[in-house]
Amino acid sequence: MSPPRLHRRTVLSALSASLLPALGRAADAPQAWQSSYAPYNGPLKAALASGPLPVQGRWPAALRGTLYRVGPARRELGGARMNHWFDGDGMLQALRFAGDGTAPRISHQGLLLATPKLQAEEAAGRLLYTGFATTLAGSPPLAGPDTVNPANINLLPLPATGELLALWEAGSALSVDPATLQARGFKAWSAATQGAPFSAHPRTAPDGTVWNFGYVPGSGKLLVYEIAASGQLRRTHVLDAPQADMVHDFAITPRHLVFLLMPLKFSGQPGVGDPLSHYRWDANAPLAALLVDKADFSVQRFELPGTGLFHIANAWEDGGTVQVRFVAQPAILQALRQLRVDRPRDPASTTPTQWTHITLNPATGQARMETTGLHGVEFPRIHPARHGLPTQFTTLLARSAGMDARVHGFDTVLTLQGDKPQSHTYGPGWIAEEHVYVPAGPGAPEGRGWVIGTAYHWPTERTTLSVFDAQAVNAGPVARVTLPYGLPLGLHGQFVPA
Ligand SMILES: [Fe+2]
């Protein structure tokens, strides 16, 4: 497959400069910005179920399986309250697509994950523990990170063992029964790694091998995991990795692991009044790219202009170079401070993200970074069986010019096929959640199939699942299902085919 040609500055500049504003619609009558948080900043039901649900439009006959999603949900108990989007007990959602195209049976189930943290706080009748960016007075000392593990960021299906793992960044994976959504306890890959961090963005290679990492801020180390498709731990290795103080994502290629370590430095315990004061942006330090040889874990380090990031879309080998596609967040500390559930978004304090390309050349040691002109995007997703292989098709979220500037998040789903964008803006009152690409089948060309995702409509307090033809997102959804309630705004999801 020829390498993607995404770095056509003119096309993507035109997208940001003209297409997105053109897609924006006139804003609704002013809404209280707080209403966009209604489902997750107030009372929350621990369990939800509905279905079969009526389908609007034509459900694709071959689209069968389950979209699992997870995110921070419970933020208040006994008068104690968390105020950051990333702080909240994980709630697992399962949107199940059974039946066939003529008689689809769509249902939803949601359940708060019964972590030790949730159980301890329910027994106490109130939230007890300080979170990632919320400080609670009197928070007890921790036996380890899993004491406060809310299992609220992402999911990893393990087909060979029938497990679904709910992931956090700083602790163990939580094993969940994919049929009942009941938590079955933290996963121990081995005695030596029990309780060690297992990050929230593992990469499953085309052969089923799962690669992941874990880190402890300030340690200067990365713990690498290689897990066979059978679910058995194959290897672990500890890498020296200065500046690995906040590492949310990584990438794989057939030969390498790729880490992008941003110059966000950990400097100890949080100060009073600013729960993120233990992180400091070092404007003089580079973005460090580590290319790790999978065979012997040797590391080659590259330096790039300093930028932050949450998510990498993909990486692959190309003619002796390594290509990386990611979403740069130039002001990540500012972005983290913005993600409060008790304050409106402040557009004056917002720096747009940038869809960015990196080329690493192991032979020459040279590294190059190019921004594309597409900005304001996040939540990149690719073909689930092409991690580490060249990809042309990426699904992202974006903000239209018409979105209420006080509301956090996104209102537009956007796809890139090569350098050709398509997008659909949900419109006033909507917040779009991460959308995922579901290939039409194992042999189908990349980009054929569906883009599916949920969006929350705050005026009616309802969540809707939309299905798009992946080749025609501009045309709007081909099928929609609206739940009889709103779901807490989540983070990431995974589709498991039937
Ligand atoms: Fe993430």
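This is a short tour of a predicted model, with suggestions for what to select at each stop.

**Start with the whole protein**

Show everything as a cartoon. You should find four helices and 34 strands. The radius of gyration is 21 Å, close to the 23 Å given by the globule rule for 498 residues, so the protein is as compact as a globular protein of that length. Along the principal axes, its C-alpha atoms fill a box of roughly 55 × 55 × 50 Å. Buried residues make up 47% of the 498. Among contacts with a separation of 6 or more, 59% join residues 24 or more positions apart.

**Colour by confidence**

Now colour by pLDDT. The average for the protein is 90, and 91% of the residues score at least 70. Next, select residues 1-32, where the pLDDT is below 50. Beyond near neighbours in sequence, this stretch still has 62 contacts in the model. A word of care here: where pLDDT is low, the predicted coordinates should not be read in detail. Helix H1, residues 9-23, has the lowest mean pLDDT among the elements, at 28. At the other end of the scale is strand S16 (residues 251-252), with the highest mean, 99.

**From S16 into an open sheet**

Stay with S16 and select its sheet. Four strands make up this open sheet, in the order S16-S17-S20-S21, and their pairing is antiparallel. S16 and strand S21 (299-304) stand at the edges; each has a single partner strand, so one side of each has no neighbour in the sheet. Then pick out strand S17 (residues 256-261) and strand S20 (residues 287-293), which six bridges join in an antiparallel pair. Show Leu-260 as sticks and look across to S20, where Ala-289 stands opposite.

**Into the core**

Keep Ala-289 selected and add Leu-113 and Leu-167. Of the 125 residues in the largest nonpolar core, these three touch the most other members. In soluble globular proteins, nonpolar side chains tend to be buried together. Which residues is Leu-167 in contact with, leaving aside its neighbours within four places in sequence? Select Ala-151, Ile-153, Asn-154, Leu-155, Leu-156, Ala-173, Phe-198 and Ala-200 to see them.

**A loop stop at Pro-263**

Go back to S17 and follow the chain to the loop between S17 and strand S18 (264-266), where Pro-263 lies. Why does Pro-263 count as partly exposed? It has 19 C-beta neighbours inside 10 Å, and 20 or more would be needed for a residue to be buried. Leaving aside neighbours within four places in sequence, Pro-263 is in contact with Gln-243, Trp-281, Asp-282, Ala-285, Pro-286, Leu-287 and Gly-306. Try a distance label to Pro-242 as well: the two C-alpha atoms are 9.9 Å apart, with these positions 21 residues apart along the chain counted as their separation.

**Finish at S31**

For the last stop, select strand S31 (residues 449-457). Eight of its nine residues are buried, so to speak mostly covered. Add strand S30 (residues 430-439), which pairs with S31 in the antiparallel sense over eight bridges. Within this pair, Ile-431 has Tyr-456 in S31 as its bridge partner. Now add strand S32 (residues 462-469), which also pairs with S31 in the antiparallel sense over eight bridges. Here Ile-452 is matched with Val-467 in S32. S31 and S32 form a hairpin with four residues between them. End by selecting Glu-461 in that turn, which has a positive phi of about 55°.

Notes: Residues are numbered from 1 along each chain as its sequence is written. This is a predicted model: local features need pLDDT of at least 70, side-chain atom pairs count only at pLDDT 80 or more; totals for chains, interfaces and linings use all residues. A nonpolar core is a set of buried Ala, Val, Leu, Ile, Met, Phe, Trp, Tyr and Cys residues joined through C-beta atoms within 7 Å. A residue is buried if 20 or more other C-beta atoms lie within 10 Å of its own, exposed if 12 or fewer, and partly exposed in between; C-beta atoms are placed from the backbone. Two residues are in contact if their C-beta atoms, placed from the backbone, lie within 7 Å. pLDDT is the predictor's confidence in each residue, from 0 to 100. Helices (H or I, at least four residues) and strands (E, at least two) are DSSP runs, numbered from the N terminus. Two strands pair if DSSP finds at least two bridges between them. The radius of gyration is taken over C-alpha atoms; the globule rule is 2.2 Å times the number of residues to the power 0.38.
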